[in-house]
Amino acid sequence: MDSESRAAIRVENLQKRFGEVEAVRGVDFEVQAGETFGFLGPNGAGKSTTINMLCTLLRPTGGRAEVAGFDVVSQRNDVRREIGLVFQDMTLDTYLSAGQNLRFHGQLYGVPSDRLEVRMRQVLELVGLWDRRDKDVDTFSGGMKRRLEIARGLLHSPRVLFLDEPTVGLDPQTRASIWEYLDELRRQENLTIFLTTHYMDEAEHCDRIAIMDAGQIVALDTPEALKAAIGTDRVRLEIDDEAAAAAAIKRQFGLEASSVGGALVLQVPDGEHFVPKLLADLGVPVRSVSVTRPTLDDVFMSYTGRTIRDAESAPGSEIPAMFRGRR
Amino acid sequence: MTTTVQPPLPIAPVQRPPTGLASDLRAARVVCHRELLRWVKDGRRLLAGLVQPLLWLFVLGTGLSRVVSVGAENVDFRTFLFPGVLVTSVMFTAVFSGVSVVWDREFGFLREMLVAPIRRTSILGGKCLGGAIVATAQAVVILALAGLCGIPYSPVLMLQLLAILFLASLSITAFGLLLGARVANIQSVMPVIQTVITPMMFLSGALYPTSGLPTWLAFATKINPVTYAVNPMRHVVFSHLDLTPEAARVLDPQLTWGGWPVPFALQLVILAALGLVTFAVAVHRFSKTD
């Protein structure tokens with residue numbers, strides 16, 4: 001099949017069990033070449049465990065996965081050559097300069113020395129750190145370190161870039177700037193990006209999102225389709241006589257309006273076009289009106305029955321001690 | 001933070017050579033290079049590595065030379081101490097180089113190395129080689145003071161000492177790696193080194209002659225791997241000095257196993273073999289990804 005031959009990542013019934021804990025309970029998905037694919041879910045949902053299996057750092061206890069056409073168990077080194085990794089935790093040598101970190105990486109991955117300097121310049125310029133290449137990493141801010149790690153992940157021209165919570169622990173401004181660089185990267189390099197996040201707004205940058213909860217994928221589609229599946233916008237009206245308005249809405253539009261926090265709230269498919277009609281026909285004075293599009297938070301809520309923050313308290317799977325790092 | 005807008009760059013796909021022995025060696029060289037870079041950058045480490053041996057030699061050595069009689073009047077206590085202090089110095093530097101893998105792990109850099117498409121043997125081999133070069137290079141500084149301890153600057157002697165020190169450094173760095181594999185966090189490093197390395201130093205004969213020791217202490221020195229570095233070192237030094245047979249018997253006694261004299265070459269083979277076994281165990285411990 002044509003779609004299969006272009007798949008950069010193919011996962012079938014992938015499972016991981018740590019003793020009694022089933023961290024990943026059989027997930028299936030495909031990521032097409034050039035796609036930006038996001039795993040969205042609370043901490044402990046199995047996102048990092050899945051990414052670690054795809055990166056050959058953890059052995060699946062069931063099912064199989066291919067990355068760039070290679071099996072993650074039987075062709076480990078082939079997979080490793082074709083992927084770039086940016087972990088949740090920093091993995092730079094802070095004693096060395098930015099350039100030394102990159103050179104180390106390039107040589108480790110066997111990038112020929114004549115290509116290495118050219119490529120180093122490209123990736124450092126991409127993340128805006130070229131003029132800082134001779135500075136020691138311990139003088140870098142959190143955002144700069146993260147950008148350097150992204151540059152390093154790209155240095156050996158991987159086909160798939162894995163980003164595990166690329167902006168965790170960064171302030172909102174720095175997060176936004178990381179995304180500027182990542183969006184730039186998507187534009188410049190023909191690259192498949194696989195990322196995990198528990199920030200709803202970051203998932204919006206993805207072509208497709210898989211929502212993961214308790215080790216399973218509960219929904220998988222484009223952000224727009226996921227939101228459209230919930231269907232409705234929220235219209236919030238501040239009205240003096242709520243009871244009369246609610247009755248009028250029921251009579252004229254056949255809609256149930258509920259009173260929430262001093263305002264009337266109703267769910268309609270196309271809020272922006274509904275509001276003018278409502279205001280024209282209602283005949284009750286309205287003080288203010290607002291329309292909210294469904295968010296991924298609402299999507300998450302509708303599939304799991306809780307908000308992503310509530311879900312964060314679920315027990316997480318631990319990374320083996322050998323790969324543990326400092327946050 | 002502002003983004004500098006770059007024009008789209010042409011992508012330069014990188015041709016990567018196939019894996020194999022060449023790539024393993026290249027990886028080991030790269031890891032070794034990093035060890036050296038870090039050592040050169042951190043001048044304090046060099047300085048710290050020199051303080052202790054100088055204290056041993058010129059403070060303890062000078063102080064004790066007035067009360068310690070080491071068998072013969074024509075031998076300075078510092079001359080006796082010199083090879084032992086060299087090994088001690090190398091031992092601490094090398095074990096720290098090996099154990100630095102705990103820092104690599106704690107600060108995440110170990111992960112960067114472990115996910116590369118190369119074998120663990122290359123990574124740990126590179127670390128071992130780097131640690132051994134650093135330890136031997138530090139020993140060169142102490143070796144330069146040989147004259148002050150009544151030891152001639154014979155090129156042959158110096159080369160022999162450096163060769164033994166390098167071999168010892170390799171083995172001890174491997175031992176440090178193994179310790180690093182077992183130590184869970186940075187806080188535990190110092191206690192482990194104190195409880196493991198300090199006894200090894202004291203029981204090696206680095207600081208006193210191994211002749212005429214009580215049975216239990218003689219036994220402890222013979223099962224201590226460091227003895228197989230100290231003993232050949234001292235033997236090489238004394239073979240370049242004019243010692244009376246009586247002094248040689250006391251200061252440079254033949255190492256024996258149950259009465260059987262262990263040949264000089266075999267002592268070095270033991271040192272190398274212990275290093276190889278330790279290294280293999282360390283690689284095995286680091287190879288568990290799950």
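Which residue just after α12(A) takes a positive phi? That's A:Gly305, with a phi of about 75°. Bear in mind that this is a predicted model, where local features need pLDDT of at least 70, side-chain atom pairs count only at pLDDT 80 or more, and totals for chains, interfaces and linings use all residues. Residues are numbered from 1 along each chain as its sequence is written, while chains are lettered from A and ligands numbered from 1 in the order in which they are written.

Back up a little into helix α12 itself, residues 296-304 of chain A (helices are DSSP runs of H or I, at least four residues, and strands are runs of E, at least two, numbered from the N terminus). Its buried residues are A:Leu296, A:Val299, A:Phe300 and A:Thr304 (buried takes 20 or more other C-beta atoms within 10 Å of the residue's own, exposed 12 or fewer, partly exposed in between, with C-beta atoms placed from the backbone). They cover an arc of only 105° around the axis, so they sit on the same side of α12(A); the arc is that of the directions from the helix axis to the C-beta atoms.

Now for the sheet. Chain A has six strands in an open, mixed sheet, ordered β6-β7-β8-β3-β9-β10 (pairing takes at least two DSSP bridges between two strands). β6 (83-86) and β10 (216-221) of chain A are at the edges with a single partner strand each, so one side of each has no neighbour in the sheet. Further in, β3 (residues 36-40) and β8 (residues 192-197) of chain A run parallel over five bridges, and A:Thr36 stands opposite A:Ile193 in β8(A).
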